[in-house]
Amino acid sequence: MEVAMCQIPRFRRGFRFQWEPAQESYVLLYPEGMVKLNGSAGAILNEVDGQRSVAEIISNLEQQFPNAGPLEKDVSDFLQEAQQQHWIELS
């Protein structure tokens, strides 16, 4: 299922996103364990607050990382994968 720009991602119940100093990275905690996120995944999920749309998240990231070029495809692909992994829900 393709991610629409107007959709609003939010973390699924039981998932917590946080910076983990011991790992020196963002992690996603859930009852069965933990996922250590790479820098790009951490930057994207750091924008997920249950309020911002996919389009707003992309815009914010393009402002934070102006040298990265257009990010729409990368962010959409990642959010689609995060949804398939059951980390987030899109409404």
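The legends below describe several close-up views of a predicted model.

Residues are numbered from 1 along each chain as its sequence is written, and side-chain values use heavy atoms, with hydrogens and water left out. Because this is a predicted model, local features need pLDDT of at least 70 and side-chain atom pairs count only at pLDDT 80 or more, while totals for chains, interfaces and linings use all residues.

**View 1. Helix H3, residues 72-84, and its buried side**. Helices here are DSSP runs of H or I with at least four residues, strands are runs of E with at least two, and both are numbered from the N terminus. The expected span of a helix is 1.5 Å times one less than its number of residues, so the 13 residues of H3 should span 18 Å, and the end C-alpha atoms, which are 18 Å apart, agree with this. The buried residues of H3 are Val 75, Ser 76, Phe 78, Leu 79 and Ala 82. They lie on the same side of H3 because they cover an arc of only 165° around the axis, the arc being that of the directions from the helix axis to the C-beta atoms. A residue is called buried under 20% relative accessible area, exposed over 50%, and partly exposed in between, with a 1.4 Å probe and protein chains only. The face turned away from the buried side of H3 carries the exposed residues Lys 73 and Asp 74.

**View 2. The packing around H3 and the largest nonpolar core**. The buried residues of H3 pack against helix H1 (39-46), helix H2 (54-64) and strand S5 (88-90), where contact means heavy atoms within 4.5 Å. Leaving aside neighbours within four places in sequence, Val 75 of H3 is in contact with Ile 44, Ile 57, Ile 58 and Leu 61. A nonpolar core is a set of buried Ala, Val, Leu, Ile, Met, Phe, Trp, Tyr and Cys residues joined through side-chain atoms within 4.5 Å. The largest such core has 23 residues, and those with the most contacts inside it are Leu 37, Leu 45, Val 75, Phe 78, Leu 79 and Trp 87. The elements that give two or more residues to this core are H1, H2, H3 and S5.

**View 3. Helix H2 and its buried residues**. In H2, the residues Val 54, Ile 57, Ile 58 and Leu 61 are buried. They are on the same side of H2 because they cover an arc of only 100° around the axis. The buried residues of H2 pack against S1, H1, H3 and S5.

**View 4. Glu 47, a buried residue in the loop between H1 and H2**. Glu 47 has a relative accessible area of 7%. The side chains of Glu 47 and Gln 64 are joined by a polar contact of 2.7 Å; such a contact is a pair of N or O atoms within 3.5 Å, and within protein one must be able to donate a hydrogen and the other to accept it, while residues adjacent in sequence count only if both atoms are side-chain atoms. Not counting residues up to four places away in sequence, Glu 47 touches Arg 52, Ile 57, Asn 60, Leu 61 and Gln 64.

**View 5. Aromatic pairs**. Rings of Phe, Tyr and Trp (its six-membered ring) pair if their centres lie within 6.5 Å, and planes under 30 degrees apart count as stacked, over 60 as edge-to-face and the rest as tilted. The structure holds 5 aromatic pairs. The rings of Phe 15 and Tyr 30 have their centres 5.3 Å apart and their planes at 20°, so this pair is stacked. The pair links distant parts of the chain, since Phe 15 is in the loop between strand S1 (9-11) and strand S2 (16-20), and Tyr 30, 15 residues apart from Phe 15, is in strand S3 (residues 25-30). Phe 15 is buried at a relative accessible area of 19%, whereas Tyr 30 is partly exposed at 25%. Phe 78 and Trp 87 form a tilted pair, 6.4 Å centre to centre with 55° between the planes. Phe 78 counts as buried at 17% relative accessibility, and Trp 87 counts as buried at 13%. Phe 11, Phe 17, Trp 19 and Tyr 26 form one aromatic cluster.

**View 6. Two loop residues with positive phi, Glu 24 and His 86**. Glu 24, in the loop between S2 and S3, has a phi near 55°, a positive value in a residue other than glycine, and is exposed with a relative accessible area of 66%. His 86 is in the loop between H3 and S5 and has a positive phi of about 70° although it is not a glycine. His 86 is partly exposed, with a relative accessible area of 46%.
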